[in-house]
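This report is written for a reader who has not met the structure before. The sequence and the model come first, and the description follows.

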2 protein chains.
Amino acid sequence: MEITRNQIKHVKSLHRKKERMEQGLFIVEGRKSVFEALNAGMVPQMLFHYKELTEFQEFRQSQPVSSSEMERITALSNPSEALAVFKIPHPGPVPSKIDEPLLFFLDGIQDPGNLGTIIRIADWYGLHAIVCSNDCVDTYNSKTVQASMGSLFHLQVYRADAEEIALAIKSTHRFICADLEGTNLWDSPTVKQKPVLLAIGSEAHGLKPATLQLAEERITIPGGGRAESLNAAISAGLIASALLR
Amino acid sequence: MEITRNQIKHVKSLHRKKERMEQGLFIVEGRKSVFEALNAGMVPQMLFHYKELTEFQEFRQSQPVSSSEMERITALSNPSEALAVFKIPHPGPVPSKIDEPLLFFLDGIQDPGNLGTIIRIADWYGLHAIVCSNDCVDTYNSKTVQASMGSLFHLQVYRADAEEIALAIKSTHRFICADLEGTNLWDSPTVKQKPVLLAIGSEAHGLKPATLQLAEERITIPGGGRAESLNAAISAGLIASALLR
């Protein structure tokens, strides 16, 4: 069955945030990412794949397409072998008790690739949740989904502002933030002493004053070179690695 | 003086690798990146900037342009405030003696953003050189230049294959490689014991068999989660941070 004009229109509309929000749907592209989503139990609303990829045939809405059809719906410059549409999950508010050794709080991260990369880092370390401030880039942006390489389907992405998350973790976690001037990372206690909420700001604007004020400690990645800063995903990864060592 | 049709044609041609190679020129975009290049003593062949940016006026070839003119030459979706064209540096062969505590060897890295991010990490840690295998993405790709945030002008990027660099560092450095199965990163000696040459492979293809064979040790970033891997820049950063602690 050929892909219809309406299907093409529908899928392409979901490349825009406004349409994703209104329809509550998002796109996953790439053989591995689609497979991770299906494996995580997500039910596709639409599922297009090259006919050679027999692993997708058993799934609901599975529809083999040609490469020229895929080119008409992809957001990538090299169309992927599989593209699926899923419902956007709604994890609800941040739970009042969070049992995680390390929890990222992303404060206004605007770069979709950085957000996806941080989700992948969290998943690498076996974390089950991250928290994004309400002004972070859309989690279901195609570049975020792409950069997370399927990790998006392994953890919960909550939305909350700094006050809300600070309140939720107050009795259990130490609230620290990554800053250019703070305690040397290697002198800061690891999560074995106390679980950590780690706030990471955007590259352009850093952490919001309200977030900085809520944090108990600022930590810095010692460098010594000439770069003025590191990107948000690298900072998140380096600090996580050291605190979880 | 208005930007000429020939100038537009010339700048736009440099968005393509083939033209960059033939002409030996590359583009730097963004106020900060252009300024870092000028500060590093590079001499612009062309230098376009918004007229408000008086910091650029003193430089050779400085030419104020309007935002609509900038839109005609940029490779970015949001045109930057400054764009300059420089000669591609030729650092020559890898020196026979390299005095660096840590030296990255990037083995077939294809993602331009990852290469730029790794250059920025090296600069953060005050390293003065990195080595790219001959099949790595072009260092002067606009996305690489962009992601390096000016760090490209603070260090030397050598091109060499694994055998050549292994030979150069043989008596001074320990040759280790990042791999999914190896010694736990935290159990590996830091650079204080012996300087390190660290090989990082591409996400899609990993390290080449020849590189793996030359390395003395494989090290792994302990995770424990469900992500199958980390991206090349994150891996490079996490390992560098631990070995330089």
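Met149(A) is partly exposed, with 30% as its relative accessible area. The model described here is a predicted one. Met149(A) sits in the loop between α6 (142-148) and β7 (156-159) of chain A. Although Met149(A) is not a glycine, its phi is positive, at about 50 degrees.

Gln61(A) also has a positive phi without being a glycine, with a value near 70 degrees. This residue belongs to the loop between β2 and β3 (62-65) of chain A. Gln61(A) counts as partly exposed at 38% relative accessibility. Gly41(A), which comes just after α3(A), has a positive phi of about 90 degrees.

The table sets out accessibility for some of the residues discussed in this report.

| Residue | Relative accessibility | Class |
|---|---|---|
| Met149(A) | 30% | partly exposed |
| Gln61(A) | 38% | partly exposed |
| Thr144(B) | 0% | buried |
| Ile234(B) | 2% | buried |

**Inside the chains**

Thr144(B) lies in helix α6 (residues 142-148) of chain B. Its relative accessibility is 0%, so Thr144(B) counts as buried, the cut-off being under 20%. A polar atom of the Thr144(B) side chain is 3.1 Å from the backbone oxygen of Pro112(B). Beyond its neighbours within four places in sequence, Thr144(B) has contacts that include Pro112(B), Leu115(B), Gly116(B) and Ile119(B). Asp138(B) and Thr139(B) are also in contact with Thr144(B).

In chain A, the buried residues of α3(A) are Ser33(A), Val34(A), Glu36(A), Ala37(A) and Leu38(A). The elements that cover these buried residues include β1 (25-29), β2 (46-50) and β4 (82-87) of chain A.

**Where the chains meet**

How many residues does the contact take from chain A and from chain B? There are 33 residues from chain A and 33 residues from chain B. The area buried between the two chains is about 2,900 Å², and carbon and sulfur atoms give 59% of that area. Of the area that chain A buries against chain B, 26% is supplied by Arg120(A), Trp124(A) and Arg226(A), more than by any other three residues.

The rule finds 4 salt bridges across the interface of chain A and chain B. Lys32(A) forms a salt bridge with Glu228(B), and their closest N and O atoms are 3.3 Å apart. Across the interface there are also 14 residue pairs in polar contact, with both residues at pLDDT 80 or more. On the side of chain A that touches chain B, the elements giving two or more residues are α3 (31-39), α5 (112-124) and α9 (232-243) of chain A. The largest share, 6 residues, comes from α9(A). By kind, the residues on this side of chain A are 14 nonpolar, 11 polar and 8 charged.

Ile234(B) is placed in helix α9 (residues 232-243) of chain B. At 2% relative accessibility, Ile234(B) counts as buried. Outside its neighbours within four places in sequence, Ile234(B) is in contact with Thr117(A), Ile121(A), Ala233(A) and Ile234(A). The C-alpha atom of Ile234(B) is separated by 41 Å from that of Ile3(B), which is 231 residues away along the chain.

**How the copies are related**

A turn of 180 degrees and a shift of 0.0 Å along the axis lay chain A on chain B with an RMSD of 0.0 Å. That is the relation of a two-fold axis. Of the interface residues of chain A, 100% are also interface residues in chain B, so the copies meet through the same surface.

How values were computed
Residues are numbered from 1 along each chain as its sequence is written. Chains are lettered from A and ligands numbered from 1 in the order in which they are written. Side-chain values use heavy atoms; hydrogens and water are left out. Contact means heavy atoms within 4.5 Å. Buried area is the accessible area (1.4 Å probe) that two parts lose on being put together, summed over both. A salt bridge is a side-chain nitrogen of Lys or Arg within 4 Å of a carboxyl oxygen of Asp or Glu. A polar contact is a pair of N or O atoms within 3.5 Å; within protein, one must be able to donate a hydrogen and the other to accept it, and residues adjacent in sequence count only if both atoms are side-chain atoms. Helices (H or I, at least four residues) and strands (E, at least two) are DSSP runs, numbered from the N terminus. Ala, Val, Leu, Ile, Met, Phe, Trp, Tyr, Cys and Pro count as nonpolar, Asp, Glu, Lys and Arg as charged, and the others, Gly among them, as polar. Copies are superposed by least squares on the C-alpha atoms of residues with pLDDT of at least 70 in both. Buried means under 20% relative accessible area, exposed over 50%, partly exposed in between (1.4 Å probe, protein chains only).
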